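Let's walk through this model together, one piece at a time. Keep the viewer open as you read.

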Amino acid sequence: MPVVIAGVVIAAIFAFLWARDVMTPDRPAALAEPEPVPTVSSGEEPLVERFPRNKFLELTTLGLGGVITGIVTVPILGFAVLPAFTGKELEGVDLGPLDKYPEGEWREATFLLDPAAGEVSRRTAFVRNNGEKNGRPSITIISNRCVHLGCPAQSGGPRQDDERETIKTEQAELTLTPIQPANFSCPCHGGAYDTEGNRIAGPPVRALDRYKYGIVNGNLTLLQPYSVGKVDGEGSNAMIKAYGLQGPGEHVDGLEAFLYPIQAQDLE
Amino acid sequence: MAVVPPPSRRRKRRMDKVLEIVNIPLDWLEERSGLVGGVKYFLFRKVPSDMNWWHTLGSATLTAFLVQAGTGVILAMYYHPHPDTAYESIRHVTHDVTLGWLVRGMHRWGASVFIILLFLHMGRVFLFGAYKYPRELNWIVGVLILPLAMLEGFTGYLLPWDQTAYWATVVGINLNGTGPFVGPLLAQFLRGGDEIGAETLTRFYAMHMLLLPGAIAGLIGLHLYLVVRLGVSSPPWSPEAAGRDREEPEPSGSTGLVRPGPRGGRPRGE
């Protein structure tokens, strides 16, 4: 719809310009008027071009060409650029029954963010059940996307691959691997994080992203991801200021955050 | 003293007949298009007498581009730009299709050759001072070709859709994303959405085989037009000055920048 409006507006602008061009008296022709006209003895009207036809045709061609170019180009450019910015809102991802996440333990969960897109949308998150806080379950869900440049961060510590569990949910299959991370680190450029996701070494500019969550019918459900500058405290006592999800390498707090005023996600 | 017998009449007539057969279609073409004259003008135009092998780097780069275009067209006949099948289709080309390994190898290694030759050609033009008046515009056109060629490399790298391709592209796109102000929007455009997926692959494929080669081919056309129009420059040690003979200086035993030149400079430190 905005594309149509933009197209109509541009067409109207060009139509106006064209009409104005056509209506404006032609100055060079006006200047040429006082030139001496050869007198014709026969008494007929001298042969002077009063209406410059070639000028009219020139402007008409340019004007119409502009209109056609606008009509054709605007939808094409809109089609090329806009779909990237009008992504659909993701549904929650079912991460299986809450009792698959024993209190105080970590699980590495791999799941399909968008089952329709297939294996390419497989993501990994580190999930820890912090126990109950004020009568409600407290869960830490940290995304494994390194906030330096987006490589997958790994859990540093023992992992029990032979105890990996595959859970079938309504959406897709999900695997849970028990891990005991001492930290998380990224193989690409050496970014390192503690178990709350705070940066402890390397090039990352903020803490690891996290996911919001909910409990639906006793199942842990993954909701929107969000970005984090720094986590104070740990486990269920962690104090987190949540920012809208930003790309890796973008600052969310401090002076540098002013370099990233527009977020693609904010536009949706 | 060997006496060459004059060609017999019959033989001469046969020669004329052959020439006529060759010339009739060429004349037909020339009369209607002027193409024969154009090609002759291009091939037999004047160039400096002291051109050397460094001047062939431009043609070598063009050849590398044409090899990429030719092998790329054929690879496109087998490639599937979809996340589920892209890797498998390239495995198929490499291992199953007759000579597929060769064509893919040419395209893969030729990509590096193309970039390397671009830089060598650029270095030659810079060191020879061939970018100076009146050839500045040709330098600018060449400088526009360079990033397009590197974008070809960036977009082509994703297409095998293996782990290297995927994560290299993740890092590359996120690098763009860290650019201030417009970076996040650029990254979003390159990804075709919030996440790298099928949209990213198809848009990289379209850019790699349609948009960028088209733009490069157009700029190469402009580049060649300017080369033919402006002529090729002499090497910097050339005694030939533009359009006139240079006075031969007194031999002074000086050492030029590149080789002992007829420029008549004084030896250094004098």
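Which residue of E12(A) does A:Tyr213 stand opposite? A:Tyr213 faces A:Leu222 in E12(A). Before we go further, a word on the ground rules: this is a predicted model, in which local features need pLDDT of at least 70 and side-chain atom pairs count only at pLDDT 80 or more, while totals for chains, interfaces and linings use all residues. Residues are numbered from 1 along each chain as its sequence is written, and chains are lettered from A and ligands numbered from 1 in the order in which they are written.

Chain A holds three helices and 13 strands; helices (H or I, at least four residues) and strands (E, at least two) are DSSP runs, numbered from the N terminus. Strand E12 of chain A, residues 219-232, is a good place to start. Strand E11 (residues 207-216) of chain A runs antiparallel to E12(A), joined to it by seven bridges; two strands count as paired if DSSP finds at least two bridges between them. E11(A) and E12(A) make a hairpin with two residues between them, and A:Asn217 in the turn has a positive phi of about 55°.

E12(A) has other partners too. Strand E1 (residues 93-97) of chain A is antiparallel to E12(A), with three bridges, and A:Asp94 sits opposite A:Thr221 there. Strand E13 (residues 239-244) of chain A also runs antiparallel to E12(A), through five bridges. Two of the pairs are easy to find: A:Val231 has A:Ile240 as its bridge partner in E13(A), and A:Asp232 has A:Met239. The hairpin of E12(A) and E13(A) has six residues between the strands, and A:Gly233 takes a positive phi near 75°.

Now turn to an open sheet in chain A, where four strands follow the order E5-E8-E9-E10 with antiparallel pairing. Its edges are strand E5 (154-156) and strand E10 (199-201), each of which pairs on one side only. Further in, strand E8 (residues 183-185) and strand E9 (residues 192-193) of chain A are joined by two bridges, and A:Phe184 stands opposite A:Tyr193 in E9(A).

In the loop between strand E4 (136-143) and E5 of chain A you will find A:Pro152. Is A:Pro152 buried or exposed? A:Pro152 is partly exposed, with 16 other C-beta atoms within 10 Å; a residue is buried at 20 or more, exposed at 12 or fewer, and partly exposed in between, using C-beta atoms placed from the backbone. Leaving out residues up to four places away in sequence, A:Pro152 touches A:Thr124, A:Asn144 and A:Cys146; contact here means that the C-beta atoms, placed from the backbone, lie within 7 Å. Across chain A, 25% of the 268 residues are buried.

Chain A also meets chain B, and each chain gives 23 residues to the contact. On the chain A side these are 15 nonpolar, seven polar and one charged. Here Ala, Val, Leu, Ile, Met, Phe, Trp, Tyr, Cys and Pro count as nonpolar, Asp, Glu, Lys and Arg as charged, and the others, Gly among them, as polar.

Finally, look within chain B. The axes of helix H6 (residues 136-158) and helix H9 (residues 198-230) of chain B come within 9 Å and cross at roughly 160°. Axes are lines fitted to C-alpha atoms, for helices over the stretch in contact, and angles run from 0 to 180 degrees between N-to-C directions. H6(B) and H9(B) are therefore roughly antiparallel to each other; angles under 35 degrees count as roughly parallel, over 145 as roughly antiparallel, 65 to 115 as roughly perpendicular and the rest as oblique. The contact of H6(B) with H9(B) involves 20 nonpolar, six polar and one charged residues.

Terms used:
Two residues are in contact if their C-beta atoms, placed from the backbone, lie within 7 Å.
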